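Visitor: Please take a close look at one chain of this model. Then set it beside its partner, and keep the terms explicit.

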Amino acid sequence: MTECIIEIKGLWTQFGSHIVHRDIDLCVRHGEIISLVGGSGSGKTTLLRQMLGLETPARGEVRIFGIPLHGSDQSQLRKLRNRWGMLFQQGALFSALTVFDNIALPLRELRTLDEDLIHDLVMVKLEMVGIEPHHANKMPAELSGGMIKRIALARALALEPELLFLDEPTAGLDPDRSESFVKLIQELHQELGLTVVMVTHDLDTLVALSNRIAVLCEQRLVIVGTLDEVVANTHPFIRNFFMGERGRRALEAVKDMVLLT
Amino acid sequence: MPDVIFQTWAAPRLRRVTVGDIQRCELGGTWNLLALEPHLAELQRQLVECASDQHCEWDLRQVQVLDDAGAMLIWRAWGKRRAAQLLLKPEHEQIFGHFDLPPEPALPGPLHNPLYGVMALGRATLLLADHLLTVVAVLGQVMLDAWYLLRQPASIPWREISASIYRTGAQALGITALVGFLVGVVLSYLSAQQLKLFGADAFIINILGISVIRELGPVLAAILVAGRSGSAITAQLGVMRVTEELDAMAVMGIPHTLRLVMPKMLALAVSMPLIILWTNSIALIGGMVSAHAELGIGYVYFLQSLPDAVPIANLWLGLGKGVVFGLLIALVACDFGLRIEPNTESLGIGTTNSVVTSITVVIIVDAALAILFKDVGIS
């Protein structure tokens with residue numbers, strides 16, 4: 001019971017007559033990095049949004065830390081929302097606020113921390129994601145995509161969450177940047193003992209980060225398991241995804257790495 | 001209970017013990033942001049108290065969970081350097097390692113400038129000049145585009161023009177009718193009260209006809225259209241800037257003025273006079289109803305005497321004003337829309353300013369035209 005940080009039971013998502021998810025069950029365990037994989041439009045991001053309580057399930061329920069997202073009282077949900085962080089695909093930084101104020105916002109919302117402490121914490125977070133202090137007073141519009149992602153990550157981590165959601169964390173970053181972003185998330189995962197749920201298309205990121213992979217296809221979860229288990233599956237989507245040219249290259253690269261270490 | 005995971009945290013503890021003549025500060029429990037938050041002030045006070053003793057020995061080995069926020073709290077109590085005597089779990093070592101950095105330069109605060117007022121005035125003046133310059137430039141570009149289109153009629157953006165006419169004209173019929181009718185009723189009712197005193201009942205037709213057709217109809221319609229379509233145009237162009245659609249058009253070699261500004265100006269120049277005609281009619285119907293109820297003036301008599309009471313020049317003047325207002329509203333809305341910067345705040349401010357400016361411009365131009373045409377259409 002307590003092993004499931006996120007527990008999804010019999011979840012259906014439906015927009016009008018369009019069914020996105022059909023009877024999905026998923027358990028995310030403490031301390032793991034789980035990746036959601038699926039074709040475009042297969043409802044990966046929607047499933048992530050279900051876990052965040054941004055969508056309402058047509059049937060079934062989602063429990064986070066054992067608390068049902070729909071039907072719990074507001075104060076409990078507020079407490080819950082301070083225990084998770086979300087990195088949106090485009091960063092979703094507040095464009096009217098400076099970098100500093102963006103990261104300080106969740107801390108200020110607690111309304112108990114004094115401004116000096118907030119300043120120091122924001123600076124630590126900026127340092128953690130590798131942003132130099134002199135960028136703190138800039139507006140998000142002045143920054144590059146990679147920096148926005150990093151700052152959005154710093155904001156997601158501002159409240160020291162136990163659970164981190166990442167939507168396409170490396171999409172739109174150059175290979176060098178995505179490499180360092182993957183390293184950063186790995187380090188944070190080790191250091192803070194985070195549980196991470198990630199949606200990604202990027203095979204390298206997927207292979208480098210995930211402990212387990214959940215494959216979403218034709219409205220259902222086809223398989224949830226480790227990389228080896230998933231690759232061994234014969235579902236046509238999985239074969240295409242992993243056994244295509246790019247998939248094979250990524251898998252070979254990881255095998256080389258395993259051999260080297 | 002399902003929320004077992006919530007309960008695994010022990011509250012943060014702080015204890016002072018004296019071993020021999022050594023003061024020792026023992027910290028235990030959960031030192032993370034969410035656990036600390038309810039006890040923050042108390043813990044901060046205790047930490048500072050402990051730290052006031054230079055020789056105090058710090059024992060953090062009982063701490064189960066430590067995050068940046070908890071560590072930062074302790075670090076600040078130490079005066080932003082490591083305590084001299086410190087016992088620490090090895091896994092917590094690296095958290096304090098993050099903090100051991102050279103102090104970063106202070107962020108520059110907002111500067112206080114004694115000449116702020118003068119500078120603000122100067123900036124506003126320059127901004128106004130800049131707006132006028134842009135409007136002239138856009139107008140010039142639109143002229144050039146029009147000349148180009150006259151020679152190449154195939155590339156006239158008919159679809160955009162007709163879509164804009166539908167949005168700015170047809171969809172505005174409801175609201176202009178409602179406002180026009182009510183203003184007509186109120187104006188007629190109030191005038192009737194005064195005219196009754198002098199027994200000059202029949203003049204209600206002159207008053208209503210002249211004021212509605214020459215002045216109120218055009219201005220009312222222009223204000224409503226400025227609020228409705230002006231804001232929509234500004235917001236649309238602004239969002240196109242935010243989503244880089246404007247850049248995409250520029251890359252494809254489609255000039256903004258040709259595809260965005262000109263169709264809207266043409267559309268408003270066409271739809272404004274029609275809207276004004278519509279508003280005038282409804283306002284006069286409202287006035288007629290009210291005049292009938294208050295003064296007992298028959299509908300047929302009202303309609304028959306209207307052409308005698310109001311020279312036809314007034315109608316042409318009102319419709320002509322409509323064309324001018326439509327062009328101005330589109331021009332102002334496009335000017336503000338193309339200036340919006342890619343952030344949400346700029347979008348909001350730009351849209352507000354656009355509407356306020358276009359309404360103000362409409363009224364100023366209306367006043368100027370009233371003086372210019374003071375001898376026309378009034379017997």
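Guide: The answer goes through the first chain, its contact with the second, and then the second chain itself.

This is a predicted model: local features need pLDDT of at least 70, side-chain atom pairs count only at pLDDT 80 or more, and totals for chains, interfaces and linings use all residues. Residues are numbered from 1 along each chain as its sequence is written, while chains are lettered from A and ligands numbered from 1 in the order in which they are written.

Start with confidence. pLDDT is the predictor's confidence in each residue, from 0 to 100. Chain A has a mean pLDDT of 84, and 96% of its residues reach 70 or more. The low point of chain A is helix H10 (residues 245-260), with a mean of 69. Its high point is strand E8 (residues 195-199), at 91. For the complex, the predictor gives an ipTM of 0.72 and a pTM of 0.72.

Next, the build of chain A. Ten helices and ten strands make up its secondary structure. Both are DSSP runs numbered from the N terminus: helices are H or I with at least four residues, strands are E with at least two. The C-alpha trace spans about 55 × 50 × 35 Å along its principal axes. The radius of gyration of chain A is 19 Å, which agrees with the value near 18 Å for a compact globule of 261 residues. That radius is taken over C-alpha atoms, and the globule rule is 2.2 Å times the number of residues to the power 0.38.

Now burial. A residue is buried if 20 or more other C-beta atoms lie within 10 Å of its own, exposed if 12 or fewer, and partly exposed in between, with C-beta atoms placed from the backbone. In chain A, 41% of the 261 residues are buried. Contacts need their own cut-off: two residues are in contact if their C-beta atoms, placed from the backbone, lie within 7 Å. Of the contacts in chain A with a separation of 6 or more, 66% involve residues 24 or more positions apart.

Three backbone spots deserve attention. A:Phe65 sits in the loop between strand E4 (59-64) and strand E5 (67-68). Its phi is near 50°, positive in a residue other than glycine. A:Phe65 counts as buried because 22 other C-beta atoms lie within 10 Å. A:Arg111 belongs to the loop between helix H3 (99-109) and helix H4 (115-128) of chain A. Phi of A:Arg111 is near 65°, again a positive value in a residue other than glycine. A:Arg111 is exposed, because 7 other C-beta atoms lie within 10 Å.

The third spot is a hairpin. Strand E9 (residues 212-217) and strand E10 (residues 220-225) of chain A pair in the antiparallel sense over five bridges. Strands pair if DSSP finds at least two bridges between them. A:Cys217 has A:Arg220 in E10(A) as its bridge partner. Two residues lie between E9(A) and E10(A), and A:Glu218 in the turn has a positive phi of about 50°.

Chain A meets chain B through 26 of its residues, in contact with 27 residues of chain B. H4(A) supplies the largest share of the side of chain A that touches chain B, seven residues. That side divides into 14 nonpolar, six polar and six charged residues. Here Ala, Val, Leu, Ile, Met, Phe, Trp, Tyr, Cys and Pro count as nonpolar, Asp, Glu, Lys and Arg as charged, and the others, Gly among them, as polar.

Now the partner. Chain B has 13 helices and four strands. Its radius of gyration is 36 Å, whereas a compact globule of 379 residues would have one near 21 Å. Its C-alpha atoms fill a box of roughly 115 × 60 × 55 Å along the principal axes. Chain B is divided into domain 1 (3-99) and domain 2 (127-372), with bounds from an automatic or database domain assignment. The centres of these two domains, over C-alpha atoms, are 68 Å apart. Buried residues are 33% of the 379 in chain B. The average pLDDT of chain B is 87, and 94% of the residues score at least 70. Over residues 1-7 of chain B, pLDDT stays under 50.

One residue closes the tour. B:Asp145 is in helix H5 (residues 116-151) of chain B. B:Asp145 is partly exposed because it has 19 C-beta neighbours inside 10 Å. Beyond neighbours within four places in sequence, B:Asp145 is in contact with B:Pro255, B:Thr257, B:Leu258 and B:Met262. The C-alpha atom of B:Asp145 is 75 Å from that of B:Ala51, 94 residues away along the chain.
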